[in-house]
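Good morning, everyone, and thank you for making time for this. Please have the sequence and the model open while I talk.

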Amino acid sequence: MVSQHSPAPSGRSWYGRSRLWALNRVAVNVVLDGLLAAVAAPVAHWLAAPQAGLLHPLWFLAGAAVSLAISGLPFRVPQQYWRFSGISDLLGIIGASFASALLFSVALWLFHVTPPSPTFGIIYAMVLLVVLGGARVTYRVLYGRVPYWAARQRIVLIGDDSVVDLYMRVFERNLHTGTRVAGIVAVGAHRPGQRIHNVPILGNVADIQSILERLVSGRHRPDSLVVTDPAFRGSQLTAVLDAASAKGIAVLRAPALTDLTPAEQVRLRPIPLEDLLNRPQVRLDREGMEGMIAGRVVLVTGAGGTIGSELARQIAGLQPSRLVLLDHGEFALWQISMELSQTAPDIVRESLVADVRDAARLDTIMAEHRPDLVFHAAALKHVPIVEDNPTEGLLTNIHGTRVVADTAARHGVRAMVVISTDKAVNPSSLMGASKRAAEMYCQALDISARASGDPMAMRCITVRFGNVLGSTGSVVPLFRQQLERGGPLTVTHPDMCRYFMTVPEAVGLVLQAAVRGTQGLAGWNGGGKVASGTDRLLDNGGIFVLDMGEPVRIVDLARQMIYLAGLRPDEDVAIRFTGLRPGEKLFEELFHGREAPVPTDASGLLMATPRVVDREAVTRAVEDITRYAQHNDVEAALRILALLVPEFDHNPEGEARTGARDTMAAPPAGVQSLGAVKEAQARP
């Protein structure tokens with residue numbers, strides 16, 4: 001097919017045309033300024049001597065034009081861009097005006113022409129300054145301006161006054177879009193009644209509801225509210241969205257000022273869902289991450305999943321010597337591998353199809369690639385699916401974690417990072433209980449390694465967090481699909497709450513936890529033994545918990561997604577409650593019972609101190625669960641799981657239960673678990 005595009009101009013021809021256009025612009029400026037000087041000279045003469053009139057010979061007018069053309073060169077007046085005239089241009093005009101007046105007066109004296117008064121030079125300089133400056137200001141004001149009465153979109157800007165000022169300048173240069181700023185809502189200190197660029201400050205964002213009511217009742221209803229501050233998010237943004245939605249007003253976000261390329265193109269976009277999360281920005285230890293990853297072999301299990309693939313992306317940016325991607329799903333593995341081949345082509349990459357439950361396959365992989373660091377993200381995470389396939393969930397989440405951990409330790413891996421979930425806390429589902437059992441095995445392994453005194457013993461770092469926005473099988477993609485079909489949006493229960501975090505943020509904090517958990521390893525992250533409260537907690541089986549902020553009601557999330565789509569809940573799109581699914585509970589928890597979250601010395605990370613089980617007991621329990629699951633004896637496997645995780649309160653019918661049980665009162669599980677497991681083994 002023949003291309004329909006015109007051939008691109010060569011560099012030389014483009015440069016030639018560009019230079020010619022610049023010269024033409026300079027010539028036009030010289031002519032226009034000359035005409036203005038020719039007008040200013042007789043006006044100044046008349047002001048100096050009104051009886052002389054305004055008629056003067058052509059040489060007088062030409063002399064004024066020539067003197068300005070000469071005097072303007074040192075001040076670059078002919079090169080000024082009238083549309084963008086500013087203070088620096090005004091200073092140039094001032095200098096050129098007085099220099100031109102001086103030169104013109106000297107020329108009159110040389111040709112024996114008597115000025116009308118001794119002050120003619122000063123009067124001429126002032127008139128010339130007013131004419132030249134006024135012409136530029138008028139051009140800038142009128143350039144591309146849409147008449148005030150023309151149909152335009154009325155917007156109200158929300159943000160700090162200094163940021164709003166910059167955006168208003170941008171909108172002034174973007175008038176062809178038909179947008180008019182009708183008001184300003186201040187963030188922080190505000191001065192109601194004052195104006196910025198002649199636009200009134202309507203009040204503070206805390207009073208957004210009353211502000212909108214006043215605008216609507218006064219027939220000044222805006223078409224949309226535009227948020228200008230990228231840091232304006234969370235609960236404040238949610239309040240604005242709720243108030244605007246009640247009035248049927250859209251809420252949009254302006255692009256970051258650094259994204260305005262060119263500045264005239266202002267593309268307003270809908271508010272992204274993640275902006276509604278009340279998530280403070282966390283400072284990540286980028287230097288520590290590079291020290292942990294750079295030049296080392298890193299293996300990621302479950303690399304095709306949501307967390308695993310983001311781990312692969314961020315690790316690839318930290319320059320490992322080799323990145324080994326392992327997943328059981330061929331297509332998911334191919335997707336992340338192809339993506340990295342384009343975004344990180346210089347990173348040596350291996351894509352391996354393997355099941356984490358296959359000990360022989362894992363042993364071969366570890367022996368061949370000798371990873372320094374393993375991130376274990378492979379798991380079955382969908383609660384109802386694990387309820388329907390209990391043995392698969394137990395074998396993947398418990399046995400698979402043990403296989404990866406034991407194989408990694410045997411082949412000299414320095415640290416293994418295990419991805420866990422808030423569903424492991426007071427679990428009501430098989431998935432949550434299996435992840436808690438996996439946590440307990442890794443806790444016991446890590447305590448044993450730290451207590452051994454062996455500097456080469458593998459650290460086992462567990463990181464627990466809640467839901468991530470947009471993950472495979474999560475509620476957000478489901479809501480988006482239901483919105484595309486016109487609804488209804490299905491929510492299991494009106495009181496259902498969950499913790500949410502964006503995928504990149506969660507993975508960044510996982511890496512932060514890995515950096516903190518590997519401090520003190522010989523030859524790792526600077527080496528050297530550190531001694532702090534965080535290290536003492538880790539020595540006793542502490543688990544990192546990401547600071548997830550406040551939980552979000554799922555029904556509120558559904559309503560916000562409907563609002564963000566420009567629709568109205570219960571009117572344009574219905575919300576239907578379907579009831580809890582097997583294994584679900586209304587409220588997820590990040591900590592057990594009365595266990596208080598303990599802050600760490602790493603930003604964005606808290607620490608849980610759940611009970612621990614000695615390595616012998618948990619190993620025996622895991623072996624028994626694995627054997628029963630492999631023989632499809634679900635009842636026996638769950639009996640051992642319940643003994644290992646006594647806080648497991650199974651909810652197979654999806655009953656709506658409220659309140660967290662006090663599991664910290666349960667007796668320590670060290671010796672108790674050994675006896676309980678032996679007793680369970682003796683049962684038929």
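I will go from the overall picture to the two sheets, then to the cores, and finally to one helix.

Before anything else, please keep in mind that this is a predicted model, in which local features need pLDDT of at least 70 and side-chain atom pairs count only at pLDDT 80 or more, while totals for chains, interfaces and linings use all residues. Residues are numbered from 1 along each chain as its sequence is written, and side-chain values use heavy atoms, with hydrogens and water left out.

The protein contains 21 helices and 22 strands, where helices (H or I, at least four residues) and strands (E, at least two) are DSSP runs numbered from the N terminus. Of its 684 residues, 50% are buried, and buried here means under 20% relative accessible area, with exposed being over 50% and partly exposed in between, using a 1.4 Å probe and protein chains only. If we take contacts (heavy atoms within 4.5 Å) between residues at least 6 apart in sequence, 77% of them join residues at least 24 apart.

Let me turn to the sheet of seven strands, which is open, has mixed pairing and follows the order E3-E4-E2-E1-E5-E6-E7; two strands pair if DSSP finds at least two bridges between them. Strand E3 (195-196) and strand E7 (269-270) are at its edges with a single partner strand each, so one side of each has no neighbour in the sheet. How many of the seven residues of E1 are buried? Six are, so E1 is largely enclosed by the rest of the structure. Strand E1 (residues 153-159) runs parallel to strand E5 (residues 224-227) over four bridges, with Val-156 opposite Leu-225 of E5, and it is joined by seven bridges to strand E2 (residues 179-186), again in parallel, where Ile-158 stands opposite Val-185. Helix H7 (residues 235-246) lies across E1, E5 and strand E6 (250-253), at about 145 degrees to E6; axes are lines fitted to C-alpha atoms, for helices over the stretch in contact, and angles run from 0 to 180 degrees between N-to-C directions.

The other sheet I want to show is also open and mixed, with nine strands in the order E10-E9-E8-E11-E12-E13-E18-E22-E21. Helix H13 (residues 390-410) lies across strand E8 (297-301), strand E11 (373-376) and strand E12 (415-421), at about 175 degrees to E11, whereas helix H14 (residues 430-452) lies across E12, strand E13 (459-465) and strand E18 (543-546), at about 150 degrees to E13.

Now the cores, a nonpolar core being a set of buried Ala, Val, Leu, Ile, Met, Phe, Trp, Tyr and Cys residues joined through side-chain atoms within 4.5 Å. The largest has 51 residues, and Leu-311, Phe-375 and Phe-465 are among those with the most contacts inside it. Helix H16 (residues 503-517) gives this core its largest share, nine residues. A second, separate core has 50 residues, including Val-374 and Ala-636.

Finally, which residues of helix H15 (residues 475-484) are buried? They are Val-475, Val-476, Phe-479, Gln-482 and Leu-483. These residues cover an arc of only 125 degrees around the axis, which puts them on the same side of H15; the arc is that of the directions from the helix axis to the C-beta atoms. They pack against strand E15 (489-491), strand E17 (500-501) and helix H18 (554-564).
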